[in-house]
Amino acid sequence: MRIAKKAIPTIICLAILAFVATSCGESPDVGSAVGNLAPEFDLERIDGGQLKLSELRGQAVLIDFWDTWCPPCREAMPHLQALSVQYEDELEVVGVAIGRDGKAAVAKFVQDRGLTFPVVLIDQQYQTAQDFGGIQSIPTTILVDGDGIIRHVWVGGQTKHAYEQVIRQVLGT
């Protein structure tokens with residue numbers, strides 16, 4: 001009986017250690033909230049080919065859901081282009097076009113504005129928008145770190161400075 005009473009605290013400590021040890025190695029949940037692993041997508045680039053989010057692992061990614069007819073989206077494009085150039089070695093900007101007016105309209109918009117970052121078309125079922133929390137408003141811009149973790153979400157147009165403040169924190173610069 002005495003031995004059993006002395007063993008109980010040891011057993012409890014071992015159980016707690018086992019729980020902590022197994023919890024520490026868990027990966028974050030996939031989802032649309034800050035702290036979640038960003039959902040995978042594999043979308044058609046307007047310049048040909050496909051773009052998979054997971055292929056950009058190792059660098060931060062700024063994902064912007066937008067469309068050509070949206071005034072705040074249009075206003076944000078110069079900021080996104082400037083950030084893509086300024087942080088070209090550490091940050092990939094990806095425009096996810098809703099494409100209401102079609103691929104040709106998106107391609108013309110990109111060409112007319114000299115955008116050099118990758119632009120993809122959202123899937124026809126809008127599954128990517130659903131995976132990222134059911135995008136309700138554009139622009140919606142999501143910053144993902146080099147490990148694929150969502151670090152910030154902006155809804156609505158932002159200034160370059162607003163984006164850059166958070167980007168610099170995530171990049172550690």
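1. A disulfide here is a pair of cysteine sulfur atoms within 2.5 Å. With that in hand, a quick tour of the structure, which is a predicted model. By that cut-off the structure holds one disulfide, and it joins Cys70 to Cys73, with the two sulfurs 2.4 Å apart. If the term is new to you, a disulfide is a covalent bond between the sulfur atoms of two cysteines. The torsion about the S-S bond of Cys70 and Cys73 is about 75°, so this disulfide is right-handed. As for where the pair sits, Cys70 and Cys73 are both buried.

2. Now step back to the whole chain. You'll find five helices and seven strands in the chain. Reading from the N terminus, the order of elements is α-β-β-β-α-β-α-β-α-β-β-α. The chain has 173 residues, and buried ones make up 40% of them. Its accessible surface comes to about 9,700 Å², with 54% of that belonging to carbon and sulfur atoms.

3. How far apart in sequence are the residues that meet? Take the contacts between residues at least 6 apart in sequence: 68% of these join residues at least 24 apart.

4. If you only look at one strand, I'd pick β3. Seven of its seven residues are buried, so β3 is largely enclosed by the rest of the structure. In a regular strand the side chains alternate between the two faces of the sheet. Which residues of β3 lie on each side? Ala60, Leu62, Asp64 and Trp66 are on one side, while Val61, Ile63 and Phe65 are on the other, and both faces are covered.

5. Next, the partners of β3. This strand pairs with β4 in the parallel sense, over seven bridges, and one place to check is Ile63, whose bridge partner in β4 is Val94. Put α2 into the picture and you get a right-handed β-α-β unit made of β3, α2 and β4. β3 also pairs with β6: these two run antiparallel and are joined by five bridges. Here Phe65 has Thr140 of β6 as its bridge partner.

6. That leads to the largest nonpolar core, which has 46 residues. The members touching the most other members are Leu62, Ile63, Phe65, Leu91 and Phe132. Elements that each supply at least two core residues include β3 (60–66), α2 (71–86), β4 (91–97), α3 (103–113) and α5 (160–171). β5 (119–121), β6 (140–144) and β7 (150–155) also each supply at least two. Which element gives the largest share? That would be β3, with six residues.

7. Phe65 deserves a closer look. Leaving out residues up to four places away in sequence, Phe65 touches Val96, Ile122, Thr128, Ala129, Phe132, Ile135, Ile138, Pro139, Thr140 and Ile142. Two names in that list have come up already: Thr140 is the bridge partner of Phe65 in β6, and Phe132 is, like Phe65, among the core members that touch the most others.

8. On to β1 and β2, earlier in the chain. β1 covers residues 42–45 and β2 residues 50–52, and the two pair in the antiparallel sense over three bridges. Leu43 stands opposite Leu51 in β2. Together β1 and β2 form a hairpin with four residues between them, and Gly48 in the turn has a positive phi of about 105°. β1 has a second partner too: it pairs with β5 in the antiparallel sense over two bridges, where Glu44 stands opposite Leu121.

9. Is Asp47 buried or exposed? This residue, in the loop between β1 and β2, is exposed, with a relative accessible area of 57%. Although Asp47 and Pro118 are 71 residues apart in sequence, their C-alpha atoms are 8.3 Å apart in space.

10. Last, have a look at Glu40, in the loop between α1 (2–24) and β1. Glu40 is partly exposed, with a relative accessible area of 37%. Its C-alpha atom is separated by 9.3 Å from that of Gly148, which is 108 residues away along the chain. Not counting residues up to four places away in sequence, Glu40 touches Lys52, Leu53, Ser54 and Asp131.

Methods. Residues numbered from 1 in each chain as written. Predicted model: local features only at pLDDT ≥ 70, side-chain atom pairs only at ≥ 80, totals over all residues. Heavy atoms only, no water. Core = buried A, V, L, I, M, F, W, Y, C linked by side-chain atoms within 4.5 Å. Buried < 20%, exposed > 50% of the residue type's maximum accessible area, 1.4 Å probe, protein only. Contact = heavy atoms within 4.5 Å. Areas by Shrake-Rupley, 256 points an atom, 1.4 Å probe, with all protein chains shown as cover. Pairing = 2+ DSSP bridges. Right-handed = clockwise from strand over helix to strand, strands pointing away.
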